[in-house]
Amino acid sequence: MIAKHIKNLAPSGIRQFFDLVLGMPDVISLGVGEPDFITPWRAREKAITALEEGMTSYTSNKGLFVLRRAITDFLEKRHNLKYDAENETLITVGVSEGLDLAIRAIIERGDKVIIVSPHFVAYPALVEIAGGEVLYLKTRQEDGFKIDISELKILMKKNPKAIILNNPSNPTGTAYNAEELRKIWKVISTKDTIVISDEVYDELIYEGKTISFPALDNEAKKRTILLNGFSKAYAMTGFRIGFACANPDIIEAMTKIHSFAMMCAPIVSQVAATEALRAQKEVVEMRMEYKRRRDFIVKELNRIGLVTPKPQGAFYCFPSVKNFKISSLDFAKRLLFEEKVALVPGSAFGKEYDSYARISYANNLDNLKEAIIRIERFLKKL
Ligand SMILES: Cc1ncc(COP(=O)(O)O)c(C=O)c1O
């Protein structure tokens, strides 16, 4: 009964692994890509009030104008990036839907799409569902998992229709500065390739400064679909709100699919997201706490023998288990069963990353300290 291309689609490596974790008591989870904080109160309070006032209807397909306007104001302030709230923004059901819409709006059967690996699990699957062909651009630990410009040049010769960039990155936490992004854009701009820029961790940067990809220059802005949302920096995963900004033609095409497939994002969540943009103090506090945890976990992982470059953003690090001569899946399974610490095998983020693991530090410091004790004990047994 199932369509062949869906049947052949590999299930998410993260989900497969977490089916194992479910139901196991006393597990310290360093696996999930989800903040351990609760959504700032002022956003939750607005959602409650919206319900009390009977806001239970659809919104326009593109989303509440007040939210779209708040987003364009925010992008102008943060990145000096100007979008027209009416024609150049769309509210999506998380960045997940934004990715699906962006890919489906531009990819035709056989079109090539560059994905930088290790990569967020959804990218290749969404490209495949749309009938596209994935070109993997591999990055290495010794380069801080940053794109090698000469390898990008080689892949660009294949005339890709799109490239998906994720800055800062899940699963490595790598973040690019403006100068590095300019070098990447210089190569991409030699073709008509569209950039899908997933910036869902944009506000979780601990070192240096980055800029949003479309803020590089006018041409970059015309050719970029900027995707961002509220799940990570605002701790709003369950509200399911993201947004897309792009030129009016692309937004129109994405809105067409969105209006048939989704109709609109939930109104209560849109109200909460509008208010969340005012919770900048809380965002800064969460960011400072993630930074504290990152500094702790990276120092400790390196001390116990798991080589881990210091990530500049998001809430992940991507240590190597190479020295222990064990596959990432065996490492993760044994660590889970023997010491009750869950992390995600690197192979979930690309088949070349079987000697890595993803650790999320969206967990409190006490748990991180206990996890390090358990991992150190486990490593001694290997
Ligand atoms: C890189 C990246 N993009 C998109 C998403 C999806 O986020 P959302 O909750 O907004 O759908 C995630 C979630 O983990 C992610 O890591």
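Which helix gives the most residues to the shell around the ligand? The legends below take up this point and other local features of the model, which is predicted.

**Figure 1. The shell around the ligand in the predicted model.** Helix 5, spanning residues 94-106, gives the most to this shell, with three residues. The ligand has 13 residues around it, and those that come nearest are Gly 94, Val 95, Ser 96, Asn 170 and Ser 231. By class, the shell holds nine polar residues, three nonpolar residues and one charged residue.

**Figure 2. The two domains and the side of domain 1 that touches domain 2.** The protein chain is divided into domain 1, made of 4-39 + 281-381, and domain 2, made of 56-278. Taken over C-alpha atoms, the centres of domain 1 and domain 2 are separated by 25 Å. In all, 34 residues of domain 1 are in contact with 32 residues of domain 2. On the side of domain 1 that touches domain 2, the elements giving two or more residues are helix 2 (13-21), helix 12 (280-303) and strand 9 (316-317). Helix 12 supplies the largest share of that side, six residues. The side of domain 1 that touches domain 2 comprises 18 nonpolar, ten polar and six charged residues.

**Figure 3. The largest nonpolar core, with 106 residues.** The members that touch the most other members are Ala 102, Ile 225, Leu 227, Met 236, Ala 244, Val 341 and Leu 343. Helix 5 gives the largest share of this core, seven residues. The core lies between domain 1 and domain 2, because both give residues to it.

**Figure 4. The surroundings of Met 236.** Leaving aside its neighbours within four places in sequence, Met 236 is in contact with Thr 39, Ala 43, Phe 230, Ser 231, Ile 241, Ala 273 and Ala 276. Among these, Ser 231 is also one of the residues that come nearest to the ligand. Met 236 itself belongs to the largest nonpolar core.

**Figure 5. An open sheet of three strands.** The strand order is 9-12-11, and the pairing is antiparallel. Strand 9 and strand 11 (344-345) stand at the edges with a single partner strand each, so one side of each is left without a neighbour in the sheet. Strand 11 is joined by two bridges to strand 12, residues 357-360, and these two strands run antiparallel. Opposite Val 344 stands Arg 358 in strand 12.

**Figure 6. Two cis peptide bonds, each leading into a proline.** Most residues other than glycine have a negative phi, and most peptide bonds are trans. Ser 117 and Pro 118 are joined by a cis peptide bond, with omega about 0 degrees. Pro 118 is placed in the loop between strand 3 (112-117) and helix 6 (122-129). From Asn 167 to Pro 168 the peptide bond is also cis, and omega is near -10 degrees. The loop that holds Pro 168 runs between strand 5 (162-166) and helix 8 (178-188).

**Figure 7. Positive phi at Ala 235 and Met 263.** Ala 235 has a phi near 50 degrees, a positive value in a residue other than glycine. The loop between strand 7 (224-229) and strand 8 (242-245) contains Ala 235. Ala 235 counts as buried because it has 23 C-beta neighbours inside 10 Å. For Met 263, phi is near 75 degrees. Met 263 sits in the loop between helix 10 (248-261) and helix 11 (267-276). With 12 C-beta neighbours inside 10 Å, Met 263 counts as exposed.

Definitions and conventions: Residues are numbered from 1 along each chain as its sequence is written. This is a predicted model: local features need pLDDT of at least 70, side-chain atom pairs count only at pLDDT 80 or more; totals for chains, interfaces and linings use all residues. A residue is near a molecule or strand if its C-beta atom, placed from the backbone, lies within 6 Å of it. Helices (H or I, at least four residues) and strands (E, at least two) are DSSP runs, numbered from the N terminus. Ala, Val, Leu, Ile, Met, Phe, Trp, Tyr, Cys and Pro count as nonpolar, Asp, Glu, Lys and Arg as charged, and the others, Gly among them, as polar. Domain bounds come from an automatic or database domain assignment. Two residues are in contact if their C-beta atoms, placed from the backbone, lie within 7 Å. A nonpolar core is a set of buried Ala, Val, Leu, Ile, Met, Phe, Trp, Tyr and Cys residues joined through C-beta atoms within 7 Å. A residue is buried if 20 or more other C-beta atoms lie within 10 Å of its own, exposed if 12 or fewer, and partly exposed in between; C-beta atoms are placed from the backbone. Two strands pair if DSSP finds at least two bridges between them.
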